[in-house]
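Here are my notes on the model you sent over. I've kept them as numbered points so you can follow along in your viewer.

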Amino acid sequence: FDINHARVRNIFIETTYILRKNMSNQEDFLKLLGDELSSASKGRATVKTTDALSGKKTIMLYFSAHWCPPCRRFTPKLIDFYNTMKNKGGQWNDFELIFVSFDKDEDSYNEYTSNMPWLCLPFDADKSAKTTLSKKYKAEGIPHLVVLDENGDVITMDGVEEVSKDEEGARFPWKPKSFSELWPEKVLTKDGLVDSSTLDDKYLMLYFSAHWCPPCRGFTPTLSKAYTKLKEERDNFELVFLSSDSDIDSFNEYYNEMTFCALPYEEREAKNGLSKRFEIRGIPSLLILGPVPPGGGDRPLINKNLRYIIENGDFSDFPFHPKPYGDLELSGSEISSKKCLVVFHENGDDDEQKEVINIVKAVAARHKEKS
């Protein structure tokens, strides 16, 4: 009785925590959208955001602008898709689409939204909220269509591509396959193919790269040396190359330069799916996943940016959990994605520099605990 009682109590606590977290995420998401949305198709009437999204299980954010030719080509397709889905009725009405404008003036905004059947962030909406939405959902280029669940968590960032491929919405909301569904049964080693299951208990590094990419060819020898060094120290990990090469000959030539494993070249669907899952926007890209959980399921993502760690040559912190601090020269690419404090310290001796670094570490650690 005591054991069962404890289990029920733990389940209750965990469920309560998840519900509170989801409520908090939903509240934060609604705050970003503002109190009201407008509807061009209804004379620009406004509606409360909470009322408009009540009961919606899927929300799409469409980042676009009138001045953008690719946007103007895509918007009619999206209008057709939206109307097709809404006309289906039933469960297909459990979604809403919100337009987030990148237009520079209200006249352009009004002209562009005049035929849009969905809801829009008002042109005079809080600019800081628009900026936060753009950064949070990685609207680095437009048109950009993000599909979210009711709490504002991302289902897919590739809505533009999905609408173009699935005009009737047969697979909507285009939830990506899990890692275990994408990962093939065989992995290529220097001794031939082996069962992927033999790697289940190991940390797994994924290296997205290609022979035609000069930065990749510059980084690969460094990675091969690092792999060999790490293998001498530990055997609880494996590294797998995922090729973006356009033909098997280029793949073979490039793989001959490597010391680690590879996804078989013919596994194009798996490679493309994994690139999408981990939002690989450029190469070379190196990330690390944890082992397969004891009860099964997807490997947890530990660190999405290992390149600078490998180039630095210090592998003492394996498996390289991200730190809330670091040398700007080694992690400068991340400074634009998060709010950062940058400390410049010049003309100090080594002891003073160490003191500054220790203070930054302590402050970063306390901030991480609070957040």
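Which residues does Ser-196 touch, leaving aside those up to four places away in sequence? I'll take that up in the first point, and then work outwards.

1. Ser-196 and its contacts. Bear in mind that this is a predicted model. Leaving out residues up to four places away in sequence, Ser-196 touches Trp-183, Pro-184, Glu-185, Lys-186 and Val-187. One of these, Pro-184, also offers its backbone oxygen, which the side chain of Ser-196 reaches at 2.6 Å. As for where to look, Ser-196 sits in the loop between β9 and β10, the latter being residues 203-209.

2. Is Ser-196 buried or exposed? It's buried: the relative accessible area of Ser-196 comes to 6%, and the cut-off for calling a residue buried is under 20%, so Ser-196 qualifies.

3. The hairpin at β8 and β9. Strand β8 covers residues 186-189 and strand β9 covers 192-195; they pair in the antiparallel sense, with four bridges. The hairpin connection from β8 to β9 takes two residues. If you want a pair to click on, Val-187 has Val-194 in β9 as its bridge partner. Val-187 also turns up among the residues that Ser-196 touches.

4. The seven-stranded sheet. There's an open sheet of seven strands with mixed pairing, and its order reads β2-β1-β5-β4-β3-β6-β7. At the edges are β2 (45-48) and β7 (154-156), each of which pairs on one side only.

5. Around β1. How many bridges join β1 to β2? Four, with strand β1 (residues 36-39) running antiparallel to β2. Glu-36 has Lys-48 as its bridge partner in β2. These two strands make a hairpin with five residues between them, and Gly-43 in the turn has a positive phi of about 65°. β1 also runs antiparallel to strand β5 (residues 119-120), to which two bridges join it. In that pairing, Ser-39 is matched with Leu-119 in β5.

6. β3 against β6. Further along the sheet order, strand β3 (residues 58-64) and strand β6 (residues 144-149) are antiparallel partners over six bridges. Ile-59 is the residue to pick here, as it stands opposite Leu-148 in β6.

7. Helix α10. Which residues of helix α10 (residues 268-277) are buried? They are Ala-270, Lys-271, Gly-273, Leu-274 and Ser-275, so do note that a lysine is on the list by the under 20% cut-off. Their cover includes α7 (179-182), β10 and β11 (237-243). After α10 comes Glu-279, with a positive phi near 50°.

8. Overall figures. The protein has 13 helices and 14 strands, and its C-alpha trace spans about 70 × 65 × 55 Å along the principal axes. There are 371 residues, of which 39% count as buried. Taking contacts with a separation of 6 or more, 61% come from residues 24 or more positions apart.

9. Surface and charge. About 21,500 Å² of the protein is exposed, with carbon and sulfur atoms supplying 50% of that. On the charge side, I have 49 positive and 60 negative side chains, and the centres of the two sets lie 3 Å apart.

Key. Residues are numbered from 1 along each chain as its sequence is written. This is a predicted model: local features need pLDDT of at least 70, side-chain atom pairs count only at pLDDT 80 or more; totals for chains, interfaces and linings use all residues. Side-chain values use heavy atoms; hydrogens and water are left out. Two strands pair if DSSP finds at least two bridges between them. Buried means under 20% relative accessible area, exposed over 50%, partly exposed in between (1.4 Å probe, protein chains only). A polar contact is a pair of N or O atoms within 3.5 Å; within protein, one must be able to donate a hydrogen and the other to accept it, and residues adjacent in sequence count only if both atoms are side-chain atoms. Contact means heavy atoms within 4.5 Å. Accessible areas come from the Shrake-Rupley method with a 1.4 Å probe; for residues, only the protein chains shown count as cover. Lys and Arg count as positive and Asp and Glu as negative; His and the chain ends are not counted. The place of a charge is taken as NZ of Lys, CZ of Arg, CG of Asp or CD of Glu.
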